[in-house]
Amino acid sequence: MNWFTFTLISVITLSVANLLQRILIKEEESDPIAYSIVFQIVCGVLVTIFAINTGFILPPIKNLVPYFILEDVLYAGSIVFFFKGLKTTEVSQVAILSATSAFWTIVGGILFLGESFSLIKAIGSLFIFGAVIFVAGKNFKVT
């Protein structure tokens, strides 16, 4: 499979997962932190099963440990806040704000990783960011 197919599968499965997460967390007594912990454990188990079945071999990561720790802290924080967002607002509003993550990833890739950025990528990014702003419109409220 090529990158586009993988990306399309990721978008579809993430969309379904977001809907399921909203269903799980909408109850008044549900705890976003508990759900984020369970989510991380389930993801870890699934990735481990996949890695074992595909013959994954861990690369030498001795010099990269600080980056993995920082990544884990940031990712765990993002999941906790994502679940808190799902608990306090509609999934459509969370999805709109989450869509801007592509924009911030592009900016970070250019600034910190020296990745290339062409005119066509800039136009596509503007369309995505413009669509997020358009869909959010006047009805979007931060509560």
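**Figure 1. Leu-86 and its neighbours in a predicted model.** In this predicted model, Leu-86 touches Asn-18, Gln-21, Arg-22, Ile-25, Val-91 and Val-94, leaving aside residues up to four places away in sequence. Look for Gln-21 among these partners, as the next view is centred on that residue.

**Figure 2. Gln-21, a buried residue of helix H1.** Start by finding Gln-21 within H1, the helix that covers residues 3–25. Is Gln-21 buried or exposed? Its relative accessible area is 10%, and a residue counts as buried when that value is under 20%, so Gln-21 is buried. Not counting residues up to four places away in sequence, Gln-21 touches Phe-39, Phe-82, Phe-83 and Leu-86. Take Phe-83 as an example: 62 residues separate Gln-21 and Phe-83 in sequence, yet their C-alpha atoms are 7.8 Å apart in space.

**Figure 3. Helix H1 from end to end.** How far should the 23 residues of H1 span? At 1.5 Å a residue the expected value is 33 Å, and the end C-alpha atoms are 32 Å apart, which agrees. Have a look at the N-terminal end too, where Asn-2 acts as a cap: one of its side-chain oxygens lies 3.2 Å from the backbone nitrogen of Phe-4. Further views of H1 can pick out its buried residues, which are Asn-18, Gln-21 and Ile-25. These buried residues pack against helix H2 (32–54), helix H3 (65–88) and helix H4 (91–99).

**Figure 4. The largest nonpolar core.** Which residues form the largest nonpolar core? There are six: Ile-25, Ile-79, Phe-82, Phe-83, Leu-86 and Val-94. Helix H3 gives the largest share of this core, with four residues. In soluble globular proteins, nonpolar side chains tend to be buried together.

**Figure 5. Where helices H3 and H4 meet.** The two helices pack at an angle of about 145°, and their axes are 8 Å apart. On the H3 side, the contact is made by Phe-82, Gly-85 and Leu-86, while H4 brings Val-91, Val-94 and Ser-98. H3 passes H4 in a right-handed crossing.

**Figure 6. Stepping back to the whole protein.** The protein has six helices and zero strands. Its C-alpha trace spans about 50 × 50 × 30 Å along the principal axes. Of its 143 residues, 16% count as buried, and Gln-21 is buried too. Among contacts with a separation of 6 or more, 73% come from residues 24 or more positions apart.

Methods:
Residues are numbered from 1 along each chain as its sequence is written. This is a predicted model: local features need pLDDT of at least 70, side-chain atom pairs count only at pLDDT 80 or more; totals for chains, interfaces and linings use all residues. Side-chain values use heavy atoms; hydrogens and water are left out. Buried means under 20% relative accessible area, exposed over 50%, partly exposed in between (1.4 Å probe, protein chains only). Contact means heavy atoms within 4.5 Å. The expected span of a helix is 1.5 Å times one less than its number of residues. A polar contact is a pair of N or O atoms within 3.5 Å; within protein, one must be able to donate a hydrogen and the other to accept it, and residues adjacent in sequence count only if both atoms are side-chain atoms. A nonpolar core is a set of buried Ala, Val, Leu, Ile, Met, Phe, Trp, Tyr and Cys residues joined through side-chain atoms within 4.5 Å. Axes are lines fitted to C-alpha atoms, for helices over the stretch in contact, and angles run from 0 to 180 degrees between N-to-C directions. A crossing is left-handed if the near helix is turned anticlockwise from the far one by less than a right angle, and right-handed if clockwise.
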